[in-house]
Amino acid sequence: MLFTADTDSIVREVVRQRLRFSWVKWVKLSHPPLRLTGTLSGKLQPSATMALVDLLENVNLVSLALGIPALVILGHVIKWFLDPHKIREYPGPFFAKFTDLWLGHVAANGHRSEVVHKLHKQYGTFVRIAPNHVSISDPLALQIVYAHGNGSLKSEFYDAFVSIRRGLFNTRSRPEHTRKRKIVSHIFSQKSVLEFEPHVRLYVGQLIKQWDRLYDAGVKGLSGEEGEGGWRGRDGRVWLDCLPWYNYLAFDIIGDLAFGAPFGMLSACQDAAPVAVSHEKAMASYGTSGIEEEIKVVHIPAVKILNDRGNFSASLGVLPSWMRPLAKQLPWFRQGQQAVKDLAGIAIAAVAKRLAMPVDRVDLLSKLQDGRDDEGKQMGREELTAEALTQLIAGSDTTSNSSCAITYYLAKNPHVQKKLQKELDETLANEDDPVTTLEQVKRLTYLQGVIDEALRIHSTSGIGLPRIAPEGGLTIGEHFFPEGTILSVPTYTIHRDAEVWGNDPEAFRPERWFEQDQKAIQRTFNPFSFGPRSCVGRNLASMELLIIVSSILRRFEFVLEYPDKPFDTVEGFLRKPVECNVGIKRRAQA
Ligand code: HEM
């Protein structure tokens, strides 16, 4: 035997001494003013410091291990007992009453909307999902919690999304938001958005060309590696996962619009974007011509990084601020922090490249550069980059997830697909260009019904977006919530409210849009949120979806590779499809 009783007790003593030494050293080193300046005015006196040192010398590991969790639990129970926001009456999961860790755990698992939906089914309209957070599944609450002029602000949740500096999406200051929104909303007016249409059409055309090429090879029985997961020709179709292709499309569109050049994902058939190795150097170089070669970049998978970043921020954001630095030490969160940094690096590299080559074109960046606030001030370079990054994040996978979901539901429901194609064929019978224009398709009612129905059933923004009840509180029906309470209305759940949508809310049925009470539908349909913080890019997103869906569905017919497999999703801030494997056939009419 290697250890005798004696050696064991020697080892124990050494460990004990070391522990004592490090505690004492820590107190002595980190609190010198306690010893030197202790007065009666509240600071510890020398004797108090020594008493603390004595105490720590006598603390053993076991009491620490038991004491700290006990104190933390006690703190949570006391808070529950004091009930500062008067929400104890609301039902919810046991642990959610005491700690934010319950929601943090649910968020990190990737199915928050579904979990909260089940809770509403179990408990009713009001559910406590965190010690200070009530989820409300009443569509009428949308008009109160998110309304213009109600004074509610975004909660601390959004702090976890800040990188470079606060942007339009994550600022929590009303004056700062008003200033930014004034500049940015001009950029997305319907008139401005029309100027972006040629850029959108260009990349939709590129996607069609790529799928045409793969289809031509696929009918010959060939296969290839392009697109994550590759493609295979079989039974007169090409089989592939359409999600990465929609991601390439959305990234190239927003890259072009926000930074003056596409990321080149569609042409490379690959998820790769350049990121600046040194953010500082890249930002310092802004506006310096010829700098392009000097900015060192590496290529990283932007779509993957965007996903990691969304999952990280949405899970971190539900934890209280004091817990976040601790959580960031965990390996999963560390990876998320790297994703935040890398994503910022993509925007920094792209803005540096664009500003180094002044171009005479109208796009989001040129409009951001020209924008002025009420005092006539333009954005500085850091703010400009933060806003370009905001648009990259907000305007990329939102569109691609939605396009993917629309394709999935059309492939799953062939009769709906046929009905849509009939509408497209009749309207576009004399058009040769495979890429439609907004003018051609904006009044097609069934097309709009298909898009809206997919955004209802798969709203990429599904979670209840958290807002803080303002001074004076908020009243919802007969329920009063005092100032400081966090409230949210879960889009996933209100999009399944049978009173509004009919008895089959889980079914994909565009016809419901023509049958149900229009007023109730419009009040409840919430894919772009509502009020002052609603999606500023909605006009652009709607145009993109109309052009993408009409062009792609006119050209191709889709079937699901695994018809019985459920549509798998994973949710960070957005609810995203995991994959969508389809068989594509070029249509005879196209
Ligand atoms: C189908 C596509 C899209 C959907 C479903 C969508 C949805 C949303 C939602 C739900 C919000 C509110 C987020 C919150 O309160 O936390 C939002 C905000 C925002 N969206 Fe979109 N979005 C889409 C496309 C776009 C595009 C294309 C852009 C711009 C290029 C964009 C830019 C923004 C910005 C900047 C905000 C923050 C607005 C503010 O706080 O004032 N979005 N979006």
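**Close-up 1. Helix H6 and its two faces.** The face of H6 turned away from its buried side carries two exposed residues, Lys121 and Gln122. Keep in mind that what you're looking at is a predicted model. Which residues of H6 are buried? They are Arg112, Ser113, Val116, His117, Leu119 and His120. These buried residues cover an arc of only 160° around the axis, so they sit on the same side of H6. Here's a handy bit of background: an α-helix has 3.6 residues a turn, so residues three or four places apart point the same way.

**Close-up 2. What covers H6, and how its length checks out.** The cover over the buried residues of H6 includes pieces from quite different parts of the chain numbering: among them are helix H5 (101-109), strand E1 (126-130) and helix H22 (491-494). Strand E2 (133-136), strand E14 (569-571) and strand E15 (575-577) are also part of that cover. Now for a quick ruler test: H6 runs over residues 112-123, and at 1.5 Å a residue its 12 residues should span 16 Å. Its end C-alpha atoms are 16 Å apart, which agrees. Just after H6 comes Gly124, with a positive phi of about 110°.

**Close-up 3. Ala141 and a partner from far along the chain.** Look for Ala141 in helix H7, which covers residues 139-145. Is Ala141 buried or exposed? It's buried, because 23 other C-beta atoms lie within 10 Å, and the cut-off for buried is 20 or more. Setting aside neighbours within four places in sequence, Ala141 is in contact with Ile136, Ile476 and Val489. Take Val489: Val489 and Ala141 are 348 residues apart along the chain, yet their C-alpha atoms are separated by 6.9 Å.

**Close-up 4. An open sheet of 5 strands.** Follow the strands across this open sheet and you get the order E1-E2-E12-E9-E3, with mixed pairing. Which strands are at the edges? Those are E1 and strand E3 (153-154), and each pairs on one side only. Further in, strand E9 (residues 467-468) and strand E12 (residues 486-488) run antiparallel and are joined by 2 bridges. To spot one of these links, find Arg467 and look for its bridge partner in E12, Leu487.

**Close-up 5. Strand E6, wrapped up by its surroundings.** Strand E6 (residues 237-241) has 5 of its 5 residues buried, so it is largely enclosed by the rest of the structure. Arg237, Trp239 and Asp241 point one way from E6, while Val238 and Leu240 point the other way. That fits a simple rule: in a regular strand the side chains alternate between the two faces of the sheet. E6 has antiparallel links to strand E5 (residues 231-234), through 4 bridges, and to strand E16 (residues 581-586), through 4 bridges. Gly233 stands opposite Val238, and Leu240 stands opposite Val582 in E16. E5 and E6 form a hairpin with 2 residues between them, and Asp235 in the turn has a positive phi of about 55°.

**Close-up 6. The shell around the ligand.** How many residues surround the ligand? There are 24, and the closest are Ala394, Gly395, Thr398, Cys535 and Gly537. Helix H17 (381-395), helix H18 (397-412) and helix H26 (538-555) each supply at least two residues of this shell. The largest share, 4 residues, comes from H17. Sorted by class, the shell has 11 nonpolar, 11 polar and 2 charged residues.

Key. Residues numbered from 1 in each chain as written. Predicted model: local features only at pLDDT ≥ 70, side-chain atom pairs only at ≥ 80, totals over all residues. Near = placed C-beta within 6 Å. Nonpolar A, V, L, I, M, F, W, Y, C, P; charged D, E, K, R; others polar. Buried ≥ 20, exposed ≤ 12 C-beta atoms within 10 Å, placed from the backbone. Contact = placed C-beta atoms within 7 Å. Expected span 1.5 Å × (residues − 1). Arc of directions from axis to C-beta. Pairing = 2+ DSSP bridges.
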